[in-house]
Amino acid sequence: MSNPHASMLEPGRIGTMELKNRIIMAPMGENYGGTDGICGERAQDYYEERAKGGTGLIIMGTAAISWPTGTSEPHQLGISNDSFIPGLAEVTRRVHSHGGKVAIQINHSGKVAANDRTHGREMWVSSIPPDGPVAEAMRTVTPKEFSTFVGVGPYPDRYRVMDKADIAQMVEWFAAAALRAKQANFDAVEVHCAHNYMIANFLSPFFNSRVDEYGGSYENRSRLLREVLTAVRERVGADFPIWVRIDAEEMHTPGGITMDEALKTAKLCEELGVDAINVSAYARLPTGTAFTDAPIPQKQNAYREFATGIKKAVGIPIISAGRWELDAAAAAISNGEIDFVAMGRKLLADPDLANKLQANAAQSVRPCIYCYACVSEIFINKGIKCAVNAQTGHEATKTITFAEKPKHVLIVGGGPSGMEAARVAALRGHRVTLV
């Protein structure tokens with residue numbers, strides 16, 4: 001029987017890196033870094049489980065290049081000095097042991113560095129944000145545990161409009177982080193240039209109001225991007241794959257990044273020698289629901305047109321995220337609209353997704369219900385979880401083992417809890433009756 005998802009299972013290539021399939025784990029900040037930013041056992045288990053499930057490429061999410069500063073969450077992973085290398089190197093060892101490849105996304109959160117605000121530190125920005133500070137009313141009504149990601153807390157907003165020395169420091173932080181990634185045996189590095197983090201903050205005509213050579217024209221606003229990518233390439237060498245994540249659009253942002261500028265950025269990155277483009281989008285938040293437009297969309301196949309448009313403009317591979325449904329992703333790869341599909345929430349729900357597609361068993365993939373339980377944990381300073389997969393983030397502590405003495409188990413009630421109890425009991429070897 002033919003496999004309708006065969007195109008997703010074909011080998012692929014990004015620069016010098018060979019991949020066994022076209023399925024990528026999208027970079028999602030998992031908030032498993034403890035209080036020291038070290039990549040410990042929990043994060044290692046989490047990423048290994050997705051590699052074990054057949055994912056071709058794991059992209060670890062948003063490692064902080066200047067940890068603890070420039071961080072969005074209190075438990076964000078760091079890559080700002082050599083002490084972070086051993087924990088990260090254990091991830092690469094584990095992923096490689098299952099035949100997968102692994103990259104790491106390096107980032108400075110800039111104006112989105114809510115953890116800096118929470119601790120009263122300056123947030124580094126291209127210019128003072130036009131949105132203004134967080135409203136005082138928010139400070140009094142927002143629950144304490146909700147404060148860090150949203151960015152409210154006891155301290156007033158403190159912004160540091162970067163001077164040229166700060167910009168030079170930022171470039172060095174990115175370059176040094178990329179080299180550490182190579183030393184930790186990562187197969188590639190993704191430079192985060194989207195979601196209004198540091199580089200996107202300079203690229204955006206809405207957020208960047210500078211009047212020097214880093215503001216105004218597109219050439220000026222893209223200067224930091226050019227300097228970072230040049231420095232990263234020089235530091236890691238010509239053969240080490242690097243790519244960028246860019247915004248195709250800044251939604252709900254009058255005068256923000258548009259597709260026309262995104263195409264310029266994609267072409268510029270190709271000229272600078274990056275090996276792929278990871279296409280995403282960003283939404284300013286005039287309302288809370290705008291978050292579900294971008295960067296974690298509710299709409300199916302939300303960025304397909306964006307990715308297709310950028311694919312037509314460049315000759316390097318396109319990685320596309322944005323709630324891809326499996327049939328649509330397979331068709332888009334088959335049609336040459338994209339080269340790789342990146343999935344985050346789907347791989348939280350079922351880390352064995354790739355293996356199940358390989359076995360032509362798509363019907364057995366546990367579906368993501370797109371309830372946002374995963375990312376909602378970030379908002380309250382916890383590690384991500386999954387509403388349909390209790391083992392996410394607990395891969396080594398909530399293992400399902402075979403019972404020493406299998407029994408006949410009667411479960412009364414076939415709701416979600418009853419069915420989950422029946423499933424786990426059956427996996428443990430019990431004979432289950434569900435009524």
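**Close-up views of a predicted model**

**View 1. Isoleucine 319 sits across from phenylalanine 340.** Isoleucine 319 stands opposite phenylalanine 340 in E12. Their strands, E11 (residues 318-320) and E12 (residues 340-343), pair in the parallel sense over 2 bridges; pairing here takes at least two DSSP bridges between two strands. Strands (E, at least two residues) and helices (H or I, at least four) are DSSP runs, numbered from the N terminus. A word on the ground rules: this is a predicted model, so local features need pLDDT of at least 70 and side-chain atom pairs count only at pLDDT 80 or more, while totals for chains, interfaces and linings use all residues. Residues are numbered from 1 along each chain as its sequence is written, and side-chain values use heavy atoms, with hydrogens and water left out.

**View 2. The barrel is closed and has 8 strands.** Going round, the order is E3-E4-E5-E8-E9-E10-E11-E12, with parallel pairing. On average, neighbouring strands of this sheet are turned by 30° against each other, direction ignored. H10 packs on the sheet and touches E9 and E10, where contact means heavy atoms within 4.5 Å. The direction of H10 makes about 170° with that of E9; axes are lines fitted to C-alpha atoms, for helices over the stretch in contact, and angles run from 0 to 180 degrees between N-to-C directions.

**View 3. Threonine 92 is tucked into helix H2 (residues 85-97).** Threonine 92 has a relative accessible area of 1%, so it counts as buried (buried is under 20%, exposed over 50%, partly exposed in between, using a 1.4 Å probe and protein chains only). Its side chain reaches the backbone oxygen of alanine 89 at 2.7 Å. Leaving aside residues up to four places away in sequence, threonine 92 touches Val102, Ala184, Asn185 and Phe186.

**View 4. Two cis peptide bonds lead into prolines.** One joins tryptophan 67 and proline 68, with omega at about 5°; proline 68 is in the loop between strand E4 (57-64) and H2. Another joins alanine 294 and proline 295, with omega again about 5°. Proline 295 belongs to the loop between strand E10 (277-283) and helix H11 (304-313).

**View 5. Histidine 252 and tyrosine 370 have positive phi.** Histidine 252 comes in at about 55° although it is not a glycine. Its loop runs between strand E9 (242-251) and helix H10 (259-271), and at 38% relative accessibility histidine 252 is partly exposed. Tyrosine 370, also not a glycine, has a phi of about 55°. Tyrosine 370 lies between helix H14 (353-358) and helix H15 (373-379), in a loop, and is buried at 8%.

Terms used:
Polar contact = N/O pair within 3.5 Å; in protein donor to acceptor, adjacent residues only side chain to side chain.
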